[in-house]
Amino acid sequence: MKANITDADKNYMQLALKLAARGQGWVEPNPMVGAIIVRNKTIVGRGWHRRFGGPHAEIEALRQAGAKARGATLYVTLEPCCHTGKTGPCTQAIIEAGIQRVVAAMMDPYPQVRGRGFATLRRAGVKVLVGVGQAQARKLNGPFIKRVTTGQPYVIAKWAQTLDGCVADRRNQSRWISSAASRRHVHLLRARVDAIIVGIGTALADDPVLTARLPHPEKPLRIATRVIMDRECQLPLTCRLVRTATRIPVLLLHGKQLKPGTLARRRRLLQAGVKMLAIDVDSHGHLNLRRALKELGRRGMTNVLVEGGPRLMASLLEAHLANEIHVYIAPVILGDTQARHAVEGQIARRLTHARPGEIIAMQRFGPDMHIVLRPPPSLPPVT
């Protein structure tokens with residue numbers, strides 16, 4: 001099959017992948033998809049999935065191509081759907097348009113599609129080639145693939161630190177370690193996720209709003225749910241999260257066994273508009289993060305951003321639940337042994353036991369360095 005892949009196939013698929021990426025922040029929980037229609041070495045149609053619930057990439061490209069689609073090749077970054085959801089099946093539209101050949105980057109892991117789209121096209125006499133640009137397509141839709149195959153969202157951990165690894169001073173003050181340029185980038189990151197998660201310690205110390213405030217209104221803006229890991233419902237009624245809960249969703253995750261005083265606080269928070277979800281507690285007395293992520297995935301959340309604090313970060317990394325780590329490093333040194341550090345847990349007690357992650361991106365924002373790290377697939381046991 002791979003022998004049939006031409007340089008032209010690769011080049012057109014690259015264009016389709018670039019189109020697909022335009023949907024980031026707009027289409028979730030659906031995947032990002034791009035499509036190109038080529039007839040006689042000329043592009044006659046382009047499309048991408050622009051917004052959740054809107055036309056799929058193939059439909060947009062077919063509309064643009066019109067009658068020129070007959071006898072053409074369709075390049076698409078994901079297997080065309082063959083079921084009716086918010087839109088009709090793309091396979092039927094492709095067949096009716098007279099597309100002769102479909103080149104796809106990858107199979108759709110969604111159970112209602114997963115190979116059935118390709119089978120439908122082949123039964124109708126359409127030639128199908130799969131695997132062109134597959135690695136890039138899988139990377140692009142890593143969050144979608146993870147949610148569909150595991151039931152959990154793609155987890156991005158993020159923090160800002162000093163050069164010596166501090167995220168707050170001894171008074172638990174962290175404003176502002178990072179520069180204005182870094183903070184603008186964080187808002188772009190927030191704008192493409194479904195949920196922003198913090199522990200109750202961070203909520204109490206910083207009184208954050210946890211919203212995406214963007215300078216450019218044309219950028220994708222998702223209204224992310226603010227998720228608070230708060231076993232005993234300590235979130236104050238006067239904090240900014242609660243005061244904005246009727247306009248921007250707040251979901252508080254608490255333990256299943258609550259004391260009478262905690263139950264009263266829970267009722268008051270519910271009356272203020274905060275949504276509640278009971279979660280199992282692990283053997284250490286902490287909310288079960290894996291169960292929490294499963295619940296968020298069940299609610300259709302594809303990308304979540306964990307912003308702290310240090311103990312929540314440790315729990316996340318110890319459980320191997322982070323897919324990416326974004327670190328903003330400011331060129332300042334605090335030099336205080338009583339300051340808060342980015343990760344406060346027991347991931348490894350010896351340097352020889354610490355496993356390196358993979359740096360996948362580095363860039364500058366003002367004076368700060370931004371590093372994107374893929375954590376190691378597994379962490380060593382604590383000894």
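Let me start with the charged side chains, where the count of salt bridges in this predicted model comes to 13, a salt bridge being a side-chain nitrogen of Lys or Arg within 4 Å of a carboxyl oxygen of Asp or Glu.

One of these pairs is formed by the side chains of Asp9 and Arg101, with 2.9 Å from N to O. The two partners come from distant parts of the chain, since Asp9 belongs to helix α1 and Arg101 to strand β4, 92 residues apart. Asp9 itself is buried, and its relative accessible area is 1%.

Another salt bridge joins Asp169 and Arg171 at 3.5 Å, and here I would ask you which of the two partners is buried and which is exposed. Asp169, at 19% relative accessibility, still counts as buried, because the cut-off for that word is under 20%, whereas Arg171 is exposed, with a relative accessible area of 63%.

A third example is the salt bridge between Asp280 and Lys256, at 3.0 Å. Asp280 sits in the loop between β11 and α11, and Lys256 in the loop between β10 and α10, so this pair ties together parts that are 24 residues apart in sequence. Asp280 is partly exposed, with a relative accessible area of 32%. Elsewhere, salt bridges with shared partners connect Lys158, Arg190 and Glu307 in one network.

Now to the protein as a whole, which contains 12 helices and 16 strands. Its radius of gyration is 23 Å, close to the 21 Å that the globule rule gives for 383 residues, so the protein is as compact as a globular protein of that length. Finally, buried residues make up 50% of those 383 residues.

Technical notes: Residues are numbered from 1 along each chain as its sequence is written. This is a predicted model: local features need pLDDT of at least 70, side-chain atom pairs count only at pLDDT 80 or more; totals for chains, interfaces and linings use all residues. Side-chain values use heavy atoms; hydrogens and water are left out. Helices (H or I, at least four residues) and strands (E, at least two) are DSSP runs, numbered from the N terminus. The radius of gyration is taken over C-alpha atoms; the globule rule is 2.2 Å times the number of residues to the power 0.38. Buried means under 20% relative accessible area, exposed over 50%, partly exposed in between (1.4 Å probe, protein chains only).
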